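Me: Please take a close look at how the aromatic side chains are placed in this chain, and then follow the packing outward from there. I would like one connected account rather than a list.

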Amino acid sequence: MKIEMKNIRKSFGSNDVIKDVTFSVQGGEICALLGENGAGKSTLMNILGGVHQMDSGSILVDGKNVNFAEPADSLEAGIAFIHQELNLINDLPIYENMFLGREIKTRRGSLDLKQMYDKTAEMFKQMNVDLDPGKMVHELDASYKQIVEICRAMMTNASIIIMDEPTTSLTDSEIERVFNMMETMKEHHVGIIFISHKLNEVMRICNRYLVLRDGQLAADGNVMDVTTKELASYMVGYDVRTESLRRERLMDGPESEHDVEHEVLRVEGLTDGQYFRDISFSIKRGEIVGVTGLLGDGRSELFQAIFGAEKLLSGKIYLANKEVKIKSTFQAIKEGIAYLPRNRKENGIIKDMNIIENASIVTWPMFSKHGVINMVKHWQKFEEQRSTLRLKMGELTDSISSLSGGNQQKVVLSKWLAAGPKILILDNPTQGVDVGAKEDIYDIILKLAEENIAIIVLSSEAQEIIRVCDRALVMYHGVIQGEVTDDMMNEHTIMSPATGGELDLERSEQPL
C-alpha cells in the first residue's frame, strides 16, 4: 500500500498551518515525521486521519484519489492513528480493549468473549507478542500498552500506522520492546509514520525522514544520509548546540555570591519502605545535580517524598543545615522547594484552565488577601518571566491546550519560578518537547543555577545528564548505586551503576 499527500494546504482562520506539503509513505518502511512543536505535524496527520479537512491538495491511496470526511473513512482505507494519549480502558482485559467499538457478538446478541479472546491470542502469536489476552490493561507497563494499541490497529487490517510520540514516557528497555514490534510490522509490509523529537531513535529505527518547519517542507531524504545534528538544524532553521553545557565547578575557597559549596539541602537515611531506602546526599546552592537510573529506580518517588507529596518511613531532611519535617507540598513550597512533575499532560497542566491560570496557580495563596486573588500581581509576575522563558503564545486568557508541548512545559516551569524557590526539582523537564525548546530549557536551567538556585534534574536520558549537570547520582532499585562528576560522566559510567554494577573508574576517565 502507498499513501501520497500532494500539495496539501490548511489554514485555521488567518493562520496558515500547512503550506503546500507533499510527501508519501508505503508499506514496509518507517518514515520519520519531524519538526518543532507547532510546525504542523499533527495537523498534517489529522488530515490523513480524517480529523481535519484540507483546504486544497489531494490524497492518493495506491494511485487513486480519496476523500477522508471523517476518521472512519481513513480507517476503512487502512490507515490507523495511534495517539500519544493511548485510547485504552484500564478496567477491561486486553481482549475486550482489542475489540472496542467493533465487538464480536453471538447469535443471541451477547458478547462472544471466547472468540474475541482467541482472535487476540492469534494476533499476538502472529506478531510475536508474549501476552495473556485476559490480563487487565492496568497491569501492563507503558510499552505493552503501546503494543496492545499496535496490535489493535493490525486487527483492523491497517497497512499504514501513524505513531505519535510512542516512546515519550518509556524507559530504555520499554523502547526496545516497542522497536522490536515496529520491526515485526515492517516485516509484515506495514508502513509506519513515526513522529518523534528523539533524533537518536529516528537514526536507529527509520528509513526515511520528512521535516516540517513553519508548515512547510524543510527537508526530506534517507536517514542514512544525515546526522542528528543536521536533522536538528533542519527542524529549527539554524545549527543546534551539541557540546557539553556543564560549567567549570568552583573550587573550595572564600564564599562568594556564586559559591556552589554552600549546602542548601541534605538528606540522611531516607526510606519509604517500598520505592527507596537509606538515601543520603547533599546539594549546594547553584549546583545542577542529575539523578538517573532505569525503570524502578525510585527517583521520582524519592523526590516526591522530599517535596511532601509522599510519606517517609524514616530519615532526616535538612534545609540550610536546619532539620525540617515536610508533611505537605504547601509546606515544601513555603520552605523554598519547587517540583516540576513528569508527564506534563497528566500532572503539570490543568486543561480546563487558561494560560495565566496555569502559570499562577502555585502562587495564588502568596498573592491573595482575605481570600481574594490579586490577578494583577500574577500578570505582572508572568510578564517578567515571559521573555526570559521565550514563550510563544497568544493571549494570557487563551487555553493552555492552544500551546505547543514545549511552551506548555515553559508555563509549568514559570508557575514554580513565581514561587521564588531555593531548590528546583525538575522531573523529566524536556519530555516530549522539540530540540529548540529543549535548548531553551537548558539555558533556563543554567541561568537559574547562576542565580544560586539548586537544580535537581531527574532524567532517564544519559546524554541530558551529561550535557547540563555538574554531577549525577545514579540509582538502582531504590538505592544510590554510585556518583559521577565532571569529566567522569559518560554513558558507560552512568549505565554501569544503573544496572547494578560498580563504578568503572578506568572507563570513566575516557573522553566523552
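Reply: In this predicted model, Tyr209 counts as buried because its relative accessible area is 5%, which falls under the 20% limit for that class. Tyr234, by contrast, has a relative accessible area of 28% and is therefore partly exposed, since that class lies between 20% and 50%.

These tyrosines belong to a wider set of contacts between rings, for the structure holds five aromatic pairs. One of them is formed by Phe179 and Phe194, whose ring centres are 6.3 Å apart and whose planes make an angle of 70°, an edge-to-face arrangement. Phe179 is part of helix α6 (residues 172-187), while Phe194 is part of strand β8 (residues 191-195), so this pair ties together parts that are 15 residues apart in sequence. Phe179 and Phe194 are both buried. Returning to the tyrosines, the rings of Tyr209 and Tyr234 have a distance of 6.4 Å between their centres and an angle of 15° between their planes, so this pair is stacked, the limit for stacking being an angle under 30 degrees. Because Tyr209 sits in strand β9 (residues 208-213) and Tyr234 in helix α8 (residues 228-236), the pair ties together parts that are 25 residues apart in sequence.

Another aromatic ring, that of Tyr318, takes part in an arrangement with a charged side chain: Arg266 lies over its face, at 4.2 Å from the ring centre. The surrounding strands can be followed from here. Strand β11 (residues 263-271) and strand β14 (residues 314-319) run antiparallel and are joined by five bridges, and within this pairing Val267 stands opposite Ile317 of β14. On to the next strand, β14 also pairs in the antiparallel sense with strand β15 (residues 322-324), over three bridges, where Ile317 stands opposite Val324. The hairpin of β14 and β15 has two residues between its strands, and in this hairpin Ala320 takes a positive phi near 50°.

Leu265 continues the picture, for once its neighbours within four places in sequence are left aside, its contacts include Ile317, Tyr318 and Leu319, along with Phe281, Ser282, Ile283, Ile423 and Ile456. Leu265 is also among the residues with the most contacts inside the largest nonpolar core, which has 61 residues, the others being Phe281, Phe303, Leu424 and Ile455. The most to this core is given by helix α15 (residues 435-450), with eight residues. There is also a second, separate core, of 53 residues, which includes Met127, Val178, Leu199 and Val223. As a general tendency, nonpolar side chains in soluble globular proteins are buried together.

Burial can also be followed along a whole helix. Helix α1 (residues 41-48) is largely enclosed by the rest of the structure, because seven of its eight residues are buried; these are Lys41, Thr43, Leu44, Met45, Asn46, Ile47 and Leu48. Just after α1, Gly50 takes a positive phi of about 80°. Both Leu48 and Gly50 are in contact with Ser74, which, with its neighbours within four places in sequence left aside, also touches Gly49, Phe68 and Ile79. Ser74 itself is found in helix α2 (residues 71-76), and it counts as buried because its relative accessibility is 2%.

Technical notes: Residues are numbered from 1 along each chain as its sequence is written. Side-chain values use heavy atoms; hydrogens and water are left out. A nonpolar core is a set of buried Ala, Val, Leu, Ile, Met, Phe, Trp, Tyr and Cys residues joined through side-chain atoms within 4.5 Å. Buried means under 20% relative accessible area, exposed over 50%, partly exposed in between (1.4 Å probe, protein chains only). Helices (H or I, at least four residues) and strands (E, at least two) are DSSP runs, numbered from the N terminus. Contact means heavy atoms within 4.5 Å. Rings of Phe, Tyr and Trp (its six-membered ring) pair if their centres lie within 6.5 Å; planes under 30 degrees apart count as stacked, over 60 as edge-to-face and the rest as tilted. A charge sits over a ring if NZ of Lys or CZ of Arg is within 6 Å of the ring centre and within 35 degrees of the ring normal. Two strands pair if DSSP finds at least two bridges between them.
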